[in-house]
Amino acid sequence: AYFLSLSSELRSSSATLRTNVFLPTDKEHVCQITFHYWISQMGGTLMVGLQKHSEDTITSIWQDSGELQNQWKAKTIIINSTEKYEV
């Protein structure tokens, strides 16, 4: 389990959590990641990105912002990749 918290007092703050390297998926094996998150009414954006083994860039695969939420939410993301990757 991982936990990350950013204070609203640091307006320009950001942080990154990275997974271990996952093996490629196929028709029988997909990666399912479930996480819980809270974004306060003060704002902010949570982004989930995918970085394939052969690429230097991170591709955004999901994001949410804190507009009028102020509550815990759960999200499940299913990932398919033909090569090794990190989330």
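Q: What relative accessible area does Glu86 have, and how should that value be read?

A: In this predicted model, Glu86 has a relative accessible area of 22%. Buried means under 20% and exposed over 50%, so Glu86 is classed as partly exposed.

Q: Which side chain meets that of Glu86 in a salt bridge?

A: In general, side chains of opposite charge can pair when their charged atoms come close. Here the partner of Glu86 is Arg18, with 3.1 Å from N to O. Glu86 belongs to strand β5, whereas Arg18 sits in the segment before β1 (31–38), so the salt bridge ties together parts that lie 68 residues apart in sequence. Arg18 counts as partly exposed, at 42% relative accessibility, and the structure holds 1 salt bridge.

Q: How many helices and strands does the protein have, and what pattern do they follow along the sequence?

A: The protein has 5 strands and 0 helices, and reading along the sequence gives the pattern β-β-β-β-β. To see how distant parts of the chain meet, one can turn to the contacts: of those between residues at least 6 apart in sequence, 68% join residues at least 24 apart.

Q: Which residues make up the largest nonpolar core, and which element gives the most to it?

A: That core has 11 residues, namely Cys31, Phe35, Tyr37, Ile39, Val48, Leu50, Trp62, Ile77, Ile79, Tyr85 and Val87. Two or more residues come from each of β1, β2 (45–52) and β4, and β1 gives the most, with 3 residues. Val48 offers a way into the surroundings of one core member: setting aside neighbours within four places in sequence, Val48 is in contact with Phe35, Thr59, Ser60, Ile61, Trp62, Ile77 and Val87.

Q: Is Ser81, which is placed in a loop, buried or exposed?

A: The class is read from the accessibility and not from the element. Ser81 is in the loop between β4 (72–79) and β5 (85–86), yet its relative accessibility is 3%, and because buried means under 20%, Ser81 counts as buried. A polar atom of the Ser81 side chain lies 2.9 Å from the backbone oxygen of Glu83, and, not counting residues up to four places away in sequence, Ser81 touches Pro24, Thr25 and Lys52.

Q: What share of the whole protein counts as buried, and how much area does the protein expose?

A: Of its 87 residues, 21% count as buried. The protein exposes about 7000 Å², and carbon and sulfur atoms supply 50% of that area.

Conventions
Residues numbered from 1 in each chain as written. Predicted model: local features only at pLDDT ≥ 70, side-chain atom pairs only at ≥ 80, totals over all residues. Heavy atoms only, no water. Helix = DSSP H or I, 4+ residues; strand = E, 2+ residues; numbered from the N terminus. Buried < 20%, exposed > 50% of the residue type's maximum accessible area, 1.4 Å probe, protein only. Polar contact = N/O pair within 3.5 Å; in protein donor to acceptor, adjacent residues only side chain to side chain. Contact = heavy atoms within 4.5 Å. Areas by Shrake-Rupley, 256 points an atom, 1.4 Å probe, with all protein chains shown as cover. Salt bridge = Lys/Arg side-chain N within 4 Å of Asp/Glu carboxyl O. Core = buried A, V, L, I, M, F, W, Y, C linked by side-chain atoms within 4.5 Å.
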